[in-house]
Amino acid sequence: MDAGGAGESATRIAVGGEGSRYEVVVGHDLIGELPGLVGERARRVAVVSPPSVAARAAEIRDQLGAAGYNATLLPVPDAEEQKSVDVLASAWSVLGRAGFTRTDVVIGLGGGATTDLAGFLAASWLRGVPWIAVPTSLLGMVDAAVGGKTGINTPEGKNLVGAFHPPVGVLCDIGMLDTLPYDDYVTGLAEVVKAGFIADPVILDLIESGLDDEPALVTSPAWRHTREIIERAVRVKADIVTGDLREAGAREFLNYGHTLGHAIERVEDYRWRHGAAVAVGMAFAAALAVRAERLDEATARRHSRVLAALGLPLTYDAEAWPRLREAMRVDKKARADRQRFVVLDGLARPAILEAPESTLLEAAYADVVAGRYSRDAERGTVRS
Ligand SMILES: NC(=O)c1ccc[n+]([C@@H]2O[C@H](COP(=O)([O-])OP(=O)(O)OC[C@H]3O[C@@H](n4cnc5c(N)ncnc54)[C@H](O)[C@@H]3O)[C@@H](O)[C@H]2O)c1
């Protein structure tokens, strides 16, 4: 079995414009690239990481130590628990005690929660020190670590405190995914599928042909096209954020499926994984676009077929609509109180549907609950 490119040279995808340009490197065995990225001006390096990737963090510390840096581990709690002001304050103390200067470097090794925290730690220390993202989850590789958004949560909500602080480089080492739990991998695929629908349908072609020919492998990092779908999804995000570095325009298209998805996450009190909620959100966005006479039914059905075959959910509780509608109303992405939904006018043709009538939203939700576009698709199971 071809493990998807081991031994091949790494792919380098540029992100950002003048002054904030960096590369997302995708490939195998990339840790050797770290000393080059850390550079000659740094003396100290702090490796921020949760327990799930502690062994990898120790490897990185040893390698940077051997390269002459004063490298220390900065262990943090797992998942969302680390994105707190308390964890951030302890991390500031570690940097302070280590005498971290403006040329020293923070490395964030872990899933999206870790790269968000490490990036914000770097953004806030001495008003900004360099940092490197080494995402170890699929969601981290194709989404969280690309684009320069960093932040933490507060008791009032998720990601309310943060900064745009692009890293000096992102290393997507496919081998890191070998230990990622299955459900995290599958829900990460939802963002890959999203990239397929909004911009690069080759991703969908690859996944569909894999689901026909080798279904058990598509949800494994060992699949021969894993590296290609990751590269393609990274390129979609890189191109969009490069064209729109501060979220004024096209970056909104990356929120495809996220308006209802965020509402489900909120209603579920964040017990559902992000990608599972976004999968239902995409099914909803497709139904909404069909109802608004912007999208053909075949493309709506394609959403359900691909997402369900990957094991992602497509539907949600009929009774939850009033709570979801309320949660969508307070979504921070609404502009001046006018609700905005990313929809498709066709494959890879994202657009904004502004202030749709509530009857239209309700009808689209009823389609999702009734499985109108998913009768020929198996129901998925991965949620939380
Ligand atoms: N900054 C952005 O633009 C952006 C975009 C999307 C999401 N995010 C953020 O990303 C976070 C979600 O990312 P996530 O799903 O990666 O969450 P996560 O960081 O919580 O990781 C999910 C789980 O997988 C574990 N894990 C990660 N890599 C592993 C590996 N290689 N082996 C074993 N276990 C591993 C983690 O320890 C955790 O338990 C959220 O906090 C979200 O707000 C940020």
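Ser49 is a good place to start: with a relative accessibility of 6%, this residue counts as buried. The model you are looking at is a predicted one. Ser49 belongs to strand E3, which covers residues 44-49. Which residues does Ser49 contact, leaving aside its neighbours within four places in sequence? They are Ala57, Leu74, Pro75, Val76, Leu109 and Thr114.

**Around the ligand**

Next, have a look at the ligand. There are 24 residues around the ligand, and Ser52, Asp78, Glu80, Thr136 and Ser137 come nearest. The shell around the ligand is a mix: eight of its residues are nonpolar, seven are polar and nine are charged.

Some atoms in this shell can be picked out one by one. The table lists three residues with the distance from each to an atom of the ligand.

| Residue | Protein atom | Ligand atom | Distance |
|---|---|---|---|
| Lys149 | backbone N or O | nitrogen | 2.9 Å |
| Asn159 | polar side-chain atom | oxygen | 3.2 Å |
| Thr179 | polar side-chain atom | nitrogen | 2.7 Å |

How much of the ligand does the protein bury? Taken alone, the ligand exposes 860 Å², and the protein buries 86% of that. Three elements give two or more residues to the shell around the ligand: helix H4 (112-124), helix H5 (138-144) and strand E8 (157-164).

**Aromatic pairs**

Now for the rings. The structure holds four aromatic pairs. One of them is formed by Trp272 and Tyr316, with ring centres 5.4 Å apart and 85 degrees between the planes. This pair is edge-to-face, because planes over 60 degrees apart count that way. Where in the chain do Trp272 and Tyr316 lie? Trp272 is in the loop between helix H10 (258-267) and helix H11 (274-291), while Tyr316 is in the loop between helix H12 (297-309) and helix H13 (321-329). The two residues are 44 residues apart, and their pair links distant parts of the chain. Both Trp272 and Tyr316 are buried.

Phe284 and Trp321 form another pair, with ring centres 6.1 Å apart. Their planes stand at 45 degrees, so this pair is tilted. Phe284 sits in helix H11 and Trp321 in helix H13, so the pair ties together parts that are 37 residues apart in sequence. Are these two residues buried or exposed? Phe284 has a relative accessibility of 1% and therefore counts as buried. Trp321 is buried too, with a relative accessible area of 6%. Phe284 and Trp321 also belong to a cluster, in which ring pairs link them with Phe341 and Tyr365.

**From Ala195 to Ala348**

Two alanines come next. Ala195 is part of helix H6, residues 182-198. With a relative accessible area of 4%, Ala195 is buried. Not counting residues up to four places away in sequence, Ala195 touches Asp200, Ile203, Ala233 and Val236.

How far from Ala195 is Ala348 in sequence and in space? The two are 153 residues apart in sequence, and 8.7 Å separates them in space, C-alpha to C-alpha. Ala348 lies in the loop between strand E10 (340-344) and strand E11 (350-354). At 26% relative accessibility, Ala348 counts as partly exposed, because that class runs between the 20% limit for buried and the 50% limit for exposed.

**Backbone angles and loops**

The backbone of Ala348 deserves a second glance: its phi is positive, about 60 degrees, although Ala348 is not a glycine. Leu126 also has a positive phi, near 50 degrees, and is a residue other than glycine. Where does Leu126 lie? You will find Leu126 in the loop between H4 and strand E6 (131-135). Leu126 is partly exposed, with a relative accessible area of 34%.

The last stop is Pro155, in the loop between strand E7 (149-154) and E8. Is Pro155 buried or exposed? Pro155 is exposed, with a relative accessible area of 83%. Between Pro155 and Gly119 there are 20 Å in space, C-alpha to C-alpha, and the two are 36 residues apart in sequence.

Technical notes
Residues numbered from 1 in each chain as written. Predicted model: local features only at pLDDT ≥ 70, side-chain atom pairs only at ≥ 80, totals over all residues. Heavy atoms only, no water. Near = heavy atom within 4 Å. Polar contact = N/O pair within 3.5 Å; in protein donor to acceptor, adjacent residues only side chain to side chain. Areas by Shrake-Rupley, 256 points an atom, 1.4 Å probe, with all protein chains shown as cover. Helix = DSSP H or I, 4+ residues; strand = E, 2+ residues; numbered from the N terminus. Nonpolar A, V, L, I, M, F, W, Y, C, P; charged D, E, K, R; others polar. Buried < 20%, exposed > 50% of the residue type's maximum accessible area, 1.4 Å probe, protein only. Contact = heavy atoms within 4.5 Å. Phe/Tyr/Trp six-rings, centres within 6.5 Å; stacked < 30°, edge-to-face > 60°.
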